[in-house]
Amino acid sequence: MSETYIPPKVWTMDSENGGTWASINRPTAGARHEAKLPQGEHGLQLYSLATPNGQKVTIMLEELLALGADAEYDAHLIQIGEGEQFSSGFVAVNPNSKIPALLDKTGDTEVNVFESGAILLHLAEKFGYFLPATGPERTQVLNWLFWLQGAAPYLGGGFGHFYAYAPEKFEYPINRFSMEVKRQLDLLDKQLAENTYIAGDNYSIADMAIWPWYGNLVLGHAYDAAEFLDVDSYVHLKRWAEQIAARDAVKRGRIVNRTWGEPWEQLAERHSADDIDAVLALTPDK
């Protein structure tokens, strides 16, 4: 860095130095405007965007539907760049104003579920899939689910922010978070050298949680950083990433609430299986 930063005695917000998300970031929580959330006809109402955290939940829902579970859902687009997560309606579902947020209306009492890991756990327990009911296998899945919840901020808010989104590139934070992300990639690579899936022999919510972050990264779909991080050297992790990407439910779930990329990757809202089918039909023949 060319200049040494000296912190003031009391921090105040500098709206000119926030990078890509400066227009919406604030040091306060709560609603900023009044707006109701839309609701569809299904018992599960998802409010999201196809970021890695958003993809976790839509992949899970599509995997449940593929198994025949009664998991039909409406997926409503929340445009976080425009601050829609700060509406009074959204804050009522998730007071933390982050996507994804789920409203489960299938029981006698509506329940709001927020934090992507909590949503995966809620759906796994509700439908009885992708999480063993008891025993060491369940513990291993939960170990890796919670690992992801703690690890991903180093990849996204740390490495991703300073490498791809910050207003300037600074050596110290990029080196600091590159070191940690490569340690995480090495950890996953070693785990997958001995296991078919993240938590063992069976596909689980741990895979659904980790793939949108680290699978997309090693497949070259995040931060334009594949070469910089030498992702091809993590051969076991890349094998797993490609294996998960080939699943039909993953192909379906990853495009829900997506508004960028190729036409066959974009589905702003999902209210039926036909919505996804129509978009995937645009995929050019290989």
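This dialogue walks through the strands, backbone geometry, salt bridges and surface of a predicted model.

User: What should be settled about numbering and confidence before reading any feature?

Analyst: Residues are numbered from 1 along each chain as its sequence is written, and because this is a predicted model, local features need pLDDT of at least 70 and side-chain atom pairs count only at pLDDT 80 or more, while totals for chains, interfaces and linings use all residues. Side-chain values use heavy atoms, with hydrogens and water left out.

User: How many strands form the sheet, and in what order do they stand?

Analyst: Strands of a sheet pair through backbone hydrogen bonds, either parallel or antiparallel. Here strands are DSSP runs of E of at least two residues, helices are runs of H or I of at least four, and both are numbered from the N terminus; two strands pair if DSSP finds at least two bridges between them. In this model 4 strands form an open sheet with mixed pairing, in the order β2-β1-β3-β4. The edges are held by β2 (73-77) and β4 (111-114), each with a single partner strand, so one side of each is left without a neighbour in the sheet. Direction ignored, neighbouring strands of this sheet are turned by 20 degrees against each other on average.

User: Which residues partner Y47 in the neighbouring strands?

Analyst: The bridge partner of Y47 in β3 is A101, and its bridge partner in β2 is H76. The strands β1 and β2 run parallel and are joined by 5 bridges, whereas β1 and β3 (residues 101-104) run antiparallel and are joined by 4 bridges. Further along the sheet, β3 and β4 pair in the antiparallel sense over 4 bridges, with N112 in β4 as the bridge partner of L103, and a hairpin of 6 residues joins β3 to β4.

User: What packs on this sheet?

Analyst: Contact is taken as heavy atoms within 4.5 Å, and axes are lines fitted to C-alpha atoms, for helices over the stretch in contact, with angles from 0 to 180 degrees between N-to-C directions. Helix α3 (residues 116-127) packs on the sheet and touches β1, β3 and β4, its direction making about 130 degrees with that of β4.

User: Is the edge strand β2 mostly covered or uncovered?

Analyst: Buried means under 20% relative accessible area, exposed means over 50%, and partly exposed lies in between, with a 1.4 Å probe and protein chains only. By that reading β2 is mostly covered, since 5 of its 5 residues are buried. From this strand Y73, A75 and L77 point one way and D74 and H76 the other way, and all are buried.

User: Where does the backbone geometry deserve a careful look?

Analyst: The peptide bond from I99 to P100 is cis, with omega near 0 degrees, and P100 is found in the loop between α2 (88-93) and β3. F130, in the loop between α3 and α4 (135-165), has a phi near 70 degrees, a positive value in a residue other than glycine, and this residue counts as buried at 14% relative accessibility. D230 also has a positive phi, of about 50 degrees, although it is not a glycine; D230 is found in the loop between α6 (205-218) and α7 (235-245) and is partly exposed, at 42% relative accessible area.

User: How many salt bridges does the structure hold, and which parts does the D277 and R252 pair tie together?

Analyst: A salt bridge is a side-chain nitrogen of Lys or Arg within 4 Å of a carboxyl oxygen of Asp or Glu, and the structure holds 12 of them. The side chains of D277 and R252 meet in one of these at 2.7 Å, N to O. D277 lies in helix α9 (residues 273-280) and R252 in helix α8 (residues 248-253), so the pair ties together parts that are 25 residues apart in sequence. D277 is partly exposed at 36%, whereas R252 counts as buried at 18% relative accessibility. Both belong to a network of salt bridges that links E62, E72, R252, R270 and D277. Elsewhere, K238 forms a salt bridge with D232, the closest N and O atoms being 2.3 Å apart.

User: Which residues make the nonpolar surface patch?

Analyst: Patches are made of residues with over 30% relative accessible area and no salt bridge, like charges being joined within 9 Å and nonpolar side chains (Val, Leu, Ile, Met, Phe, Trp, Tyr) within 5 Å; accessible areas come from the Shrake-Rupley method with a 1.4 Å probe, and for residues only the protein chains shown count as cover. Y5, W11 and M13 make a nonpolar surface patch of about 390 Å². Of these residues, M13 is found in the segment before β1 (44-48) and is partly exposed, with a relative accessible area of 36%.
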